[in-house]
Amino acid sequence: MSGPGSVAGMAAIPQPLWMIGCGNMGGAMLRGWIAAGLDPAAVTVVTRSGQGAPAGVRSLTALPDGERPATLVLAVKPQQLDDVAPMLAGLAPDLLVSILAGVEADVLATRIPAGAVVRAMPNLPVAIRQGVTALFSPSDAADVRQAAEALARPLGLAEWIADERSFDAVTALAGCGPGFVFRFADALAAAARG
């Protein structure tokens, strides 16, 4: 098998890959990529605690000196952009992938210059590799789209959004929707026990 969610598909991702932040969603994504064949040794995670990365992944509390990522995955909360953007501005990755809700591609490109920017909005079921990741990029370059799909496909379905103005609606419905459904189901179960 050589699709985007396979070991061969992982080869489409420019490496090394750095992930800034590795909370619930970032960690779920990273575990999915490693399960699909991404070499953990090609990954560096930078978090405040230096913890939370899967085994084999280099985990740091600061950017490593004298190195740069080919792919930079921004997996922090949107309100942390002001804190992390200044330290990332000089990295110039080939590909910047952001899961920051509400932060548009042109804003990302201005704050963290990169060869190409991709917005990705995964939803909760990516943790079990059954999610949907919405993708948007101003770039229509085949290698950019192939790399973005190689990151999204191991997590479930990948769907390109043609118009970035639709991205907020996708975020609200597909990104948060499953979480609300699970919460509703939990409330029903609690009421039934009750």
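1. In this predicted model, phenylalanine 182 has its place in helix 7, which spans residues 177-193. With a relative accessible area of 42%, phenylalanine 182 is partly exposed, and together with Leu124 and Val181 it forms a nonpolar patch on the surface, for which the joint accessible area comes to about 280 Å².

2. The sheet is open and is formed by 8 strands in the order 3-2-1-4-5-6-7-8, with mixed pairing. Its edge strands, each of which pairs on one side only, are strand 3 (58-60) and strand 8 (156-160), and from one strand to the next the twist averages 20°. As general background, strands of a sheet pair through backbone hydrogen bonds, in either the parallel or the antiparallel sense.

3. At the strand 3 edge, strand 2 (residues 43-46) pairs with strand 3 in the parallel sense over 3 bridges, and valine 46 has leucine 60 of strand 3 as its bridge partner. Two helices may be described alongside this part of the model. Helix 2 (residues 24-35) lies across strand 1 (17-20), strand 2, strand 4 (71-74) and strand 6, and runs at about 160° to strand 1. Helix 3 (residues 81-88) packs on the sheet, where it touches strand 1 and strand 4, and its direction makes about 165° with that of strand 4.

4. Towards the strand 8 edge, strand 6 and strand 7 run antiparallel and are joined by 4 bridges, one pair of bridge partners being arginine 119 and phenylalanine 136 of strand 7. Strand 7 (residues 131-136) is mostly covered, since 5 of its 6 residues are buried. Strand 7 also pairs with strand 8, here in the parallel sense and over 5 bridges, and leucine 135 stands opposite tryptophan 160 in strand 8.

5. Isoleucine 112 deserves a separate look, as a residue placed in the loop between helix 4 (105-111) and strand 6 (116-122). Is isoleucine 112 buried or exposed? Its relative accessible area is 0%, so isoleucine 112 counts as buried under the 20% cut-off. If neighbours within four places in sequence are left aside, isoleucine 112 is in contact with Leu72, Leu74, Leu81, Ala85, Leu88, Ala89 and Leu96. Of these, alanine 89 is 23 residues away in sequence, while the C-alpha to C-alpha separation from isoleucine 112 is 4.5 Å.

6. The count of salt bridges comes to 6, among them one in which the side chains of aspartate 94 and arginine 68 meet at 3.2 Å, N to O. This pair links distant parts of the chain, with aspartate 94 in the loop between helix 3 and strand 5 (95-98) and arginine 68 in the loop between strand 3 and strand 4, 26 residues apart. Aspartate 94 is partly exposed at 40% relative accessibility, and arginine 68 is partly exposed at 38%.

7. A further salt bridge joins the side chains of aspartate 82 and arginine 111 (3.1 Å, N to O). Because aspartate 82 lies in helix 3 and arginine 111 in helix 4, this pair ties together parts that are 29 residues apart in sequence. Aspartate 82 counts as exposed at 55% relative accessibility, whereas arginine 111 counts as partly exposed at 29%.

8. Glutamate 164 and arginine 119 also meet through their side chains in a salt bridge, at 2.9 Å, N to O. Glutamate 164 lies in the loop between strand 8 and helix 6 (167-175) and arginine 119 in strand 6, so the pair ties together parts 45 residues apart in sequence. Glutamate 164 is buried, with a relative accessible area of 19%, and arginine 119 counts as buried at 2%.

Note on methods:
Residues are numbered from 1 along each chain as its sequence is written. This is a predicted model: local features need pLDDT of at least 70, side-chain atom pairs count only at pLDDT 80 or more; totals for chains, interfaces and linings use all residues. Side-chain values use heavy atoms; hydrogens and water are left out. Helices (H or I, at least four residues) and strands (E, at least two) are DSSP runs, numbered from the N terminus. Buried means under 20% relative accessible area, exposed over 50%, partly exposed in between (1.4 Å probe, protein chains only). Contact means heavy atoms within 4.5 Å. Patches are made of residues with over 30% relative accessible area and no salt bridge: like charges are joined within 9 Å, nonpolar side chains (Val, Leu, Ile, Met, Phe, Trp, Tyr) within 5 Å. Accessible areas come from the Shrake-Rupley method with a 1.4 Å probe; for residues, only the protein chains shown count as cover. A salt bridge is a side-chain nitrogen of Lys or Arg within 4 Å of a carboxyl oxygen of Asp or Glu. Two strands pair if DSSP finds at least two bridges between them. Axes are lines fitted to C-alpha atoms, for helices over the stretch in contact, and angles run from 0 to 180 degrees between N-to-C directions.
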